[in-house]
Each structure stands twice: as C-alpha cells, then as structure tokens.
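Hi,

Here's the structure I said I'd pass along. Have a look at it first, and my notes on helix and sheet packing follow underneath.

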Amino acid sequence: MKTILCYGDSNTWGYIPGNNGRYPREKRWPSVLQRMIGAGFYVIEEGLCGRYTVHDEPFRVGRNGAALLQPILETHAPVNLLILFLGTNDLLHHVDITALDAARGIEVLAKIAQSSETGPLGNPPKILIISPPRIRKLSTELSQLCHGEPSKSVDFTQFFREIANERSLFFLDAAEILEPSPLDGVHLDEDAHLVLGRWKEIIIQTK
C-alpha cells in the first residue's frame, strides 16, 4: 500500500470559513482524494491551523512546519508521496514576508524530506508542492488577527513553481482551479475541498 502524506495548514485541517468549526472528515480534501484513488493508497491528513513553513508563533506552540516535518515523516514512514500545501500563513501574519520568502520556506521543507530516509527502501519520498490560492478580501475577524499583506499572494505561483523546478519536484497551482471562500478570504468551502480532492493532476502524481 502506498502512503500519501498531506502536510498543510487550516485548509488541510478543514477549517470552515466564517464559523471556526471543522468540516467532517469525509468533506476534507484529503478524504476526497482517498476516495478518488481508492484501495492501495493510504492518505494521511496532517493539517494544523496556523502552521507556517519555517516560522514560530508566540501565541500557539508547534506551528513551525520545519520543526515538525522530520518526526512526522518518521511516524508515517515509508511515505511514497509528500504533499506540501503551506505558505498562506507566512504572508497573513508577517508584514515583511513576501511570496518568495514563503516559497523559500517550502524549499526548506523539501530539503528536509529529500535528505530523509522516510520513503520506500530508505529513500526520500517524492514531493508535490501545491501553490496556495490567492488570498481574497479578509473578513473583519481575520483582519484583526492578521497583519501581513495578502495582496502579495498573487506571486505564490511564480515563486513556488521556481522552487519546484530547481529541486525537481512535482508542482500544482491551486489558484488555477479554486478560490478561498468570500466569507473570510482565506479558507476553502466545501466545493473547493471537493474540487481539490478530485483534481486530476493530483491523482496523476499519486500513481
């Protein structure tokens, strides 16, 4: 059985836009993906609200994606495919961080995985980078909590693709197929989870 590890933030965790709740497991995109690819695959949902690529947060512990990735990979080894779907929080919460910085954070995560022995036969896992969708107008609540510059998210695609090309990683651009909910400008609604989990290009990379 092949193992697929989905390493992400609140949009992998299943945060419901506008009400602070969580979608049922079957509504979240990793579970949709599991249904699409069927038997012979084990899709692991490793989403955490507020997770960054490489940054710590003073208000919540364990949000540094780089600090946790190695032990999580070891926990679920052997991992055939690691899907990295992060970067949104880097821009949302840090005014001086750019989309390039977020992409460099993704590169750090890729380097951790590529230097690991957590794939089949002690090799590193394959890696798929998903560039996040563009951030829309933030809700009043998120505007009070987030002090970055969401408009910079328009550059996610360019810089995430460059990192993927430089490190020979699989790459997909979520902005091509979906947008965050207008309720808060960041999180995916049920339809977007369904679209992401059914995305033909993701399914191709799992084979």
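**Helix and sheet packing**

Helix 5 (residues 99-114) and helix 7 (residues 156-166) have axes that come within 8 Å and cross at roughly 30 degrees. Angles under 35 degrees count as roughly parallel, so helix 5 is roughly parallel to helix 7. The crossing in which helix 5 passes helix 7 is right-handed. On the helix 5 side, the contact is made by Ala-99, Leu-100, Ala-102, Ala-103, Ile-106 and Glu-107, and helix 7 brings Phe-156, Phe-159, Phe-160, Ile-163 and Glu-166. Sorted by type, the residues of that contact come out as nine nonpolar, no polar and two charged. Bear in mind that this is a predicted model.

Now the sheet. There's an open one of five strands, in the order 2-1-3-4-5, and the pairing is parallel. Which strands sit at the edges? Strand 2 (41-47) and strand 5 (170-173) do, each pairing on one side only. On average, neighbouring strands are turned by 20 degrees against each other, direction ignored.

Further in, strand 1 (residues 2-8) and strand 3 (residues 81-85) run parallel and are joined by five bridges. In strand 3, Leu-84 is the residue opposite Tyr-7.

Two helices to check against the sheet: helix 2 (residues 29-37) packs on it and touches strand 1, strand 2 and strand 3, with its direction at about 175 degrees to that of strand 2. Helix 7 packs on the sheet as well, touching strand 4 (126-131) and strand 5, and the direction of helix 7 makes about 170 degrees with that of strand 4.

Cheers

Key: Residues are numbered from 1 along each chain as its sequence is written. This is a predicted model: local features need pLDDT of at least 70, side-chain atom pairs count only at pLDDT 80 or more; totals for chains, interfaces and linings use all residues. Side-chain values use heavy atoms; hydrogens and water are left out. Axes are lines fitted to C-alpha atoms, for helices over the stretch in contact, and angles run from 0 to 180 degrees between N-to-C directions. Helices (H or I, at least four residues) and strands (E, at least two) are DSSP runs, numbered from the N terminus. Angles under 35 degrees count as roughly parallel, over 145 as roughly antiparallel, 65 to 115 as roughly perpendicular and the rest as oblique. A crossing is left-handed if the near helix is turned anticlockwise from the far one by less than a right angle, and right-handed if clockwise. Contact means heavy atoms within 4.5 Å. Ala, Val, Leu, Ile, Met, Phe, Trp, Tyr, Cys and Pro count as nonpolar, Asp, Glu, Lys and Arg as charged, and the others, Gly among them, as polar. Two strands pair if DSSP finds at least two bridges between them.
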